[in-house]
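Biologist: I am new to this structure and would like to learn how to read its features. Please take them one at a time.

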Amino acid sequence: MLQNIRDNSQGWIAKTIIGIIVMLLALTGFEAIFNAASNNQNAAEVNGEEISRYDLDQAMNMQRRQLAQQLGQDFDASLLDDRLLRDSALGSLIDRMLLLQSAKNANFAFSSEALDQLILQTPEFQVDGAFSAARFDQVIQQMGYSRLQFRQLLEQEMLIGQLRAGISGTGFVTDQQVDNFARLEMQTRDFATLTLPAQQEAIEVGDEQIKEYYEANADRFRTPEQVIVEYVELKKESFFDQVEVSDEELQELYQKQIANLAEQRRAAHILIETGGELSDDEAKAKIDEIATRVKNGDDFAAVAKEASQDPGSANEGGDLGFAGPGVYDPAFEDALYALNEGEVSAPVKSEFGWHIIKLLGVQSPEVPAFESLKPQLVRELKAQQVEQRFVETSKQLEDSAFEASDLAQPAQELGLMVQTTEAFGRDGGEGITANRQVIQAAFSDEVLVDGANSSVIELDPDTSIALRVKEHLKPAAIPLADVREDIVQQLQRSLAAEAARAKGEQLLADLRKGQQPDDGQWQAVEAATRSQEGVAPALLQAVFRMPRPEQQDKPSYSGVALSNGDYAVVRLNGVNEPEAALTDEEKLNYRRFLASRVGQQDFAAFRQKLQAEAEIERF
């Protein structure tokens, strides 16, 4: 097939294609072509700022990880719709960029030093209560970020948080609003219900009704469209036994890994900031005075608590915990690594101000033995070769499946086995047939109608398949005899519910005329709250929507169809307002709740305004 295409490309087909391309260039212009090429690495543009496809891929992967963490063992990646996931992730990125742009335009800022302190004091980055650079690297690598990327992400989150707090925190409510809300929230109601059951067993269903229902709902009584699929499967794991690694390669990787193990240093510092109340010269003079005090014997921790302008560490005596290279400002780090344990540095200038630094302790890294790391090293080196072979073999499978008329040839060429699934429909089945990509491929026109092999489908990072439809099972009518019992039950349920409703509505009309039912089976509930236990939510909602009785001895009435088909007649006897005045604490709690809700609504409205006014282009 490929050879035929190559042969034909030299003749009239190629000339026709070239002619079409020339015509398109003439009609659309070269600018459109170049714009398309320049946008192929971007997912969107927001007010002139670009969102890259890489950022979108990162966001989609983050959403997958979050779903996996939330659902645990119930998580099934194959059920995710990539298109919906992409739309959701891109929408979040656009919303995030709009908020960042707004925060920057409003001159919100977050200092690098405050960022450092936040990282150092984050419990997830600590071991035994102290910051661990190794733990920090491990956590952010699992998230898919480098140190620089994570710091940028964290800074952006803090800016957005400041913007959100600035808008949401301005929400307020009046005393009247608090009183009105509290009165409604604390209100109780006295009511009674009379339930008219849907008596399914009393409903007789005739053959004509059954036939009429069957014919009116013919589409419901058809077998689902199904397919039986053949497929070949590539598993990355199967390649590990096919590759070898040498001792030299293992030793080289071992040396690289232990070379990355850095000692951890526990620093304390005293900071005098510049750029605020003090000039650089004034800050330098003050840090010199503090350095003299420490040199003359004053306790470093006590002086830090008294004089340091770093709010994150001052209360801890300036203690910053253990950290490795690459965490602090370069000038700060150079001074720290020049100290011996217990020594105090001369004044050091960083972008944040003037410091004096004390080295409290040093932790030397534990170097693992080669033999203890060997299995991990072998796996890592083999993984690199396996990844390459997996990609190459996937490409071979793609080409072979495209050229072949069935899967027997690709299976033979690559040493794979043709497997067959059970029949499944457009809702999927079990195993690989639950995978949304497999379902979409199996029911695509190319595979289902044209009978072609599918492209290679990646089920997960370690598994790929190619498939073809072996058998197409088209929808067919289910005989009436097979669904008769289901139809009878459905008709009984609906007719019984209709009868209960009709009886209930007649009873409501009589009650509103002043007539009372003879059976008297009312179920009374006194002083029911809006969250009353033991009352169906639909019934409780109806009770609190009913108008207040005009007179004490003249209740109001309403009716509610319940989910089981029963019909409940409701009699509202009275509405009870709270008697006791609100305490100051209760008022404060209600005020905080309402103000928070107003603030959230204000922030949501602000985001909608940003979206409406922005220039957004999705690619």
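Biologist: At what angle do helix 9 and helix 21 pack, and how far apart are their axes?
Modeller: Two packed helices are described by the angle between their axes and the distance between the axes. Here helix 9 (residues 175–186) and helix 21 (residues 584–613) pack at about 105°, with their axes 10 Å apart. That makes helix 9 roughly perpendicular to helix 21. Angles of 65 to 115 degrees count as roughly perpendicular, under 35 as roughly parallel, over 145 as roughly antiparallel and the rest as oblique. The axes are lines fitted to C-alpha atoms, for helices over the stretch in contact, and angles run from 0 to 180 degrees between N-to-C directions. Helices (H or I, at least four residues) and strands (E, at least two) are DSSP runs, numbered from the N terminus.

Biologist: What should I know about the model and the numbering?
Modeller: This is a predicted model, in which local features need pLDDT of at least 70 and side-chain atom pairs count only at pLDDT 80 or more, while totals for chains, interfaces and linings use all residues. Residues are numbered from 1 along each chain as its sequence is written, and side-chain values use heavy atoms, with hydrogens and water left out.

Biologist: Which residues of helix 9 meet helix 21?
Modeller: Contact means heavy atoms within 4.5 Å. On helix 9 the residues are Asp175, Gln177, Val178, Asp179, Phe181, Ala182, Glu185 and Met186. They meet Lys587, Tyr590, Arg591, Phe593, Leu594 and Arg597 in helix 21.

Biologist: At what angle do helix 10 and helix 19 cross?
Modeller: The axes of helix 10 (residues 207–216) and helix 19 cross at roughly 100° and come within 9 Å. Helix 10 and helix 19 are therefore roughly perpendicular to each other. Asp207, Gln209, Ile210, Tyr213 and Tyr214 in helix 10 take part, and among their partners in helix 19 are Leu480, Val483 and Arg484.

Biologist: What is the strand order in the open sheet that includes strand 15?
Modeller: Two strands pair if DSSP finds at least two bridges between them. This open sheet of four strands has the order 15-5-17-16, with antiparallel pairing. Strand 15 (523–528) and strand 16 (556–561) are at the edges with a single partner strand each, so one side of each has no neighbour in the sheet. From one strand to the next, the twist averages 25°. Six bridges join strand 16 to strand 17 (residues 567–576), and Ala561 has Tyr567 in strand 17 as its bridge partner. Helix 19 (residues 480–512) packs on the sheet and touches strand 5 (188–196), strand 16 and strand 17, with its direction at about 35° to that of strand 17.

Biologist: Is Glu579 buried or exposed?
Modeller: Buried means under 20% relative accessible area, exposed over 50%, and partly exposed in between (1.4 Å probe, protein chains only). Glu579 is exposed, at 83%. Glu579 lies in the loop between strand 17 and helix 21. The C-alpha atoms of Glu579 and Arg183 are separated by 9.6 Å, although these residues are 396 apart along the chain.

Biologist: What is the strand order in the sheet that includes strand 8?
Modeller: Its four strands form an open sheet in the order 8-7-10-9, with antiparallel pairing. Strand 8 (319–323) and strand 9 (348–350) are the edge strands, and each pairs on one side only. The twist here averages 40° from one strand to the next. Strand 7 (residues 264–273) and strand 10 (residues 353–363) are joined by 10 bridges. Helix 12 (residues 280–295) lies across strand 7, strand 9 and strand 10, at about 40° to strand 10.

Biologist: How many aromatic pairs does the structure hold?
Modeller: A pair of aromatic rings is described by the distance of the centres and the angle of the planes. Rings of Phe, Tyr and Trp (its six-membered ring) pair if their centres lie within 6.5 Å; planes under 30 degrees apart count as stacked, over 60 as edge-to-face and the rest as tilted. The structure holds 12 aromatic pairs. One of them, Phe131 with Phe136, is tilted, at 5.8 Å centre to centre and 45° between the planes. Phe131 is buried at 3% relative accessible area, and Phe136 is buried at 4%.
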